[in-house]
Amino acid sequence: MRTVYILWLRQIKRYFRSKSRIIGSLGQPLLFLVALGFGFGPIYAKAGGGDYIQFLTPGIIAMSTLFTSTFMGIELIWDKEFGFLKETLVAPVSRLKIMMGRTLGGATVAVLQGLIVLLISLPIGFSPNWVALPLAILFLIMIAVIFTAFGTAIATKMEDMHGFQLIVNFLLMPLFFLSGAIFPINGAPAAIKAIVLINPLTYGVRGLRAALTGTVDISSLGNLGIMVGIALLFVAIGSYLFSKVEI
Amino acid sequence: MNNEKIIQVKSLTKKYRDFKAVDDISFEVRKGQIFGFLGPNGAGKSTTIKMLTTLLHPNGGEIMIDGKNPVSQPDAVRKAFGIVFQDPSLDDELTAWENMEFHGVLYSIPKPLRRQRIEHMLKIVELWERKDELVKRFSGGMKRRLEIARGLLHHPKVLFLDEPTLGLDPQTRNNIWNHIIDLNKEEDITVFFTTHYMEEAEKVADYICIIDLGKIIAKGSPGELKSKAKARSLEDAFIKLTGKNIREEEAKPIDKLRMRRRVFGGRR
């Protein structure tokens, strides 16, 4: 337990010490909120959708958590050669504990990042339902754990950072755009809908949106169940691949 | 020096597809020895060290470190050695103290003992005054000293040093070797090191193995190697034994990462 804790603590310390990183990574969500929110807001309202900021913000919070957690996982590539990973791999501790510590640490950072986006969305006009905030955080945790494990799994198979751009453009961007984060998927063509439905992020965005702005009902529990299931699966895959890492 | 064998390697082999990176090598290291493991680039040094330190599984042969097998008893072996890697493995965003503390927790050293040893080790490598500074503000030599202190925190029997003085100026190299030699004498720690600086190896090593193309081509004390090759210095002997050809090593992804690290000064 102490091993997992110290690995977790290390990531938290690193996060709070790199202020420029925190501020830098808030640029993109802020831009999306302002540009999309104010840009599409009037059209969305005219189409009868209501307040677009209310719809968009949970999606942007999910996006920010998605990107942060995947990057936290992919950091493993650096760590394999420079940094703590080697130091931890020659220590008398199990690979599973190392994976747990890394995943929990990365996920915590990603959740914090999501919560900061929630805070900066308030002056922009977002008004969440504070009562269900714990449920919203639960969904954020699930998104964070899934995609930290996902990033770690990818990193075990990558030798350098060259494939990085590939991952951002062909995995993260599609995951984000096709999750219902920025537009309602009801009217979308069947093919798009199918992709959206197999995207794990979709259920996270749905749950988050219901908790923050809508009504929490039985479908929220369904979404949470799906997220927990996917998280277990991804952590298992990530752990397996990580246990095979040779450097 | 006693005759106890702390490292025993028999017919060790590591293959990558058809390529034999390490080809049936055998050697022994005695307790308390300073053992130099030399060879040109791509000779199989790093691969061997990775197998000795449980990071890679061999395809054949047997290793015993302090009587334990890295394949079947990895955690027992891990407790028995400390290592300083070729590439820095400190966390730059943590302080010197935190890096040590982290190591102590991973090796489950109880808290009071851990605190006491961290202080002791940091004083030995003359970094106690700067224990609360972030490692990223340290010079190359200070980082190396900290890594050596960290590698010894759990009182290992063997210390592996993979090119410990790479990229350091002569003063710092000298200083680091003095620390290592003192520790070797006072704490009876066996030192297993690699280096490309032959005059360094000649000066500090009790015993040397030269590996080339995955095979051990010579072993003995520096004096024995020189007389065997009829050379005046270890460097001459090394070149006579391994030939003058420059080894063309294919650039690996790690080299690109190292390059990037140099250009951008590390991550972010």
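A residue is buried if 20 or more other C-beta atoms lie within 10 Å of its own. The legends below describe close-up views of a predicted model.

**Figure 1. Surroundings of Arg209(A) in helix α11 of chain A.** Arg209(A) has 24 other C-beta atoms within 10 Å and is therefore buried. The helix that carries Arg209(A), α11, spans residues 200–213 of chain A. Apart from neighbours within four places in sequence, Arg209(A) is in contact with Pro58(A) and Gly214(A). Ala181(A) is 28 residues away from Arg209(A) along the chain, and the C-alpha atoms of the two are separated by 9.1 Å.

**Figure 2. Surroundings of Leu33(A) in helix α3 of chain A.** Helix α3 comprises residues 27–46, and Leu33(A) lies in it. Leu33(A) counts as buried because 23 C-beta neighbours are found inside 10 Å. When residues up to four places away in sequence are not counted, Leu33(A) touches Leu56(A), Thr57(A) and Ile60(A), and also Ser121(A) and Ile124(A). Arg2(A), 31 residues from Leu33(A) along the chain, has its C-alpha atom 40 Å from that of Leu33(A).

**Figure 3. The largest nonpolar core, with Ile146(A) and its contacts.** This core has 136 residues, and those with the most contacts inside it are Ile143(A), Ile146(A) and Ala149(B). Helix α8 of chain A, residues 133–157, gives the most to the core, contributing 15 residues. Beyond its neighbours within four places in sequence, Ile146(A) is in contact with Pro200(A), Ile230(A), Ala231(A) and Phe234(A).

**Figure 4. Overall build of chain A.** The secondary structure of chain A consists of 12 helices and zero strands. Its 247 residues would give a compact globule a radius of gyration near 18 Å, and the 18 Å of chain A agrees with this. Taken along the principal axes, the box filled by the C-alpha atoms of chain A is roughly 60 × 40 × 35 Å. Of the residues of chain A, 49% count as buried. Among contacts in this chain between residues at least 6 apart in sequence, 84% join residues at least 24 apart.

**Figure 5. The side of chain A that touches chain B.** In this view, 26 residues of chain A are in contact with 26 residues of chain B. Helices α1 (2–17), α5 (76–81) and α6 (84–89) of chain A each supply at least two residues of the side that touches chain B. Of the elements of chain A, α1(A) gives the most to this side, with seven residues. By residue class, the side of chain A that touches chain B divides into 10 nonpolar, four polar and 12 charged residues.

**Figure 6. An open antiparallel sheet of chain B.** Three strands form this sheet in the order β2-β1-β4. Strands β2 (19–30) and β4 (60–65) of chain B stand at the edges with a single partner strand each, so one side of each is left without a neighbour in the sheet. On average, and with direction ignored, neighbouring strands of this sheet are turned by 15 degrees against each other. Strand β1 of chain B, residues 5–16, pairs with β2(B) in the antiparallel sense over eight bridges. Within this pairing, Gln8(B) has Glu28(B) in β2(B) as its bridge partner.

**Figure 7. Strand β7 of chain B and its parallel partners.** Five of the five residues of β7(B) are buried. Both faces of the strand are covered, with Thr190(B), Phe192(B) and Thr194(B) on one side and Val191(B) and Phe193(B) on the other. Strand β3 of chain B, residues 34–38, runs parallel to β7(B) and is joined to it by three bridges; Ile34(B) has Val191(B) as its bridge partner in β7(B). Strand β6 of chain B, residues 158–162, also pairs with β7(B) in the parallel sense, over five bridges. In that pairing, Val158(B) stands opposite Thr190(B).

**Figure 8. Surroundings of Thr194(B) in strand β7 of chain B.** Thr194(B) is found in β7, which covers residues 190–194. Thr194(B) counts as buried because it has 23 C-beta neighbours inside 10 Å. Not counting residues up to four places away in sequence, Thr194(B) touches Phe37(B), Leu38(B), Lys45(B), Asp162(B) and Glu163(B). Although Thr194(B) and Leu38(B) are 156 residues apart along the chain, their C-alpha atoms are separated by 5.6 Å.

Definitions and conventions
Residues are numbered from 1 along each chain as its sequence is written. Chains are lettered from A and ligands numbered from 1 in the order in which they are written. This is a predicted model: local features need pLDDT of at least 70, side-chain atom pairs count only at pLDDT 80 or more; totals for chains, interfaces and linings use all residues. A nonpolar core is a set of buried Ala, Val, Leu, Ile, Met, Phe, Trp, Tyr and Cys residues joined through C-beta atoms within 7 Å. A residue is buried if 20 or more other C-beta atoms lie within 10 Å of its own, exposed if 12 or fewer, and partly exposed in between; C-beta atoms are placed from the backbone. Helices (H or I, at least four residues) and strands (E, at least two) are DSSP runs, numbered from the N terminus. Two residues are in contact if their C-beta atoms, placed from the backbone, lie within 7 Å. Two strands pair if DSSP finds at least two bridges between them. Axes are lines fitted to C-alpha atoms, for helices over the stretch in contact, and angles run from 0 to 180 degrees between N-to-C directions. Ala, Val, Leu, Ile, Met, Phe, Trp, Tyr, Cys and Pro count as nonpolar, Asp, Glu, Lys and Arg as charged, and the others, Gly among them, as polar. The radius of gyration is taken over C-alpha atoms; the globule rule is 2.2 Å times the number of residues to the power 0.38.
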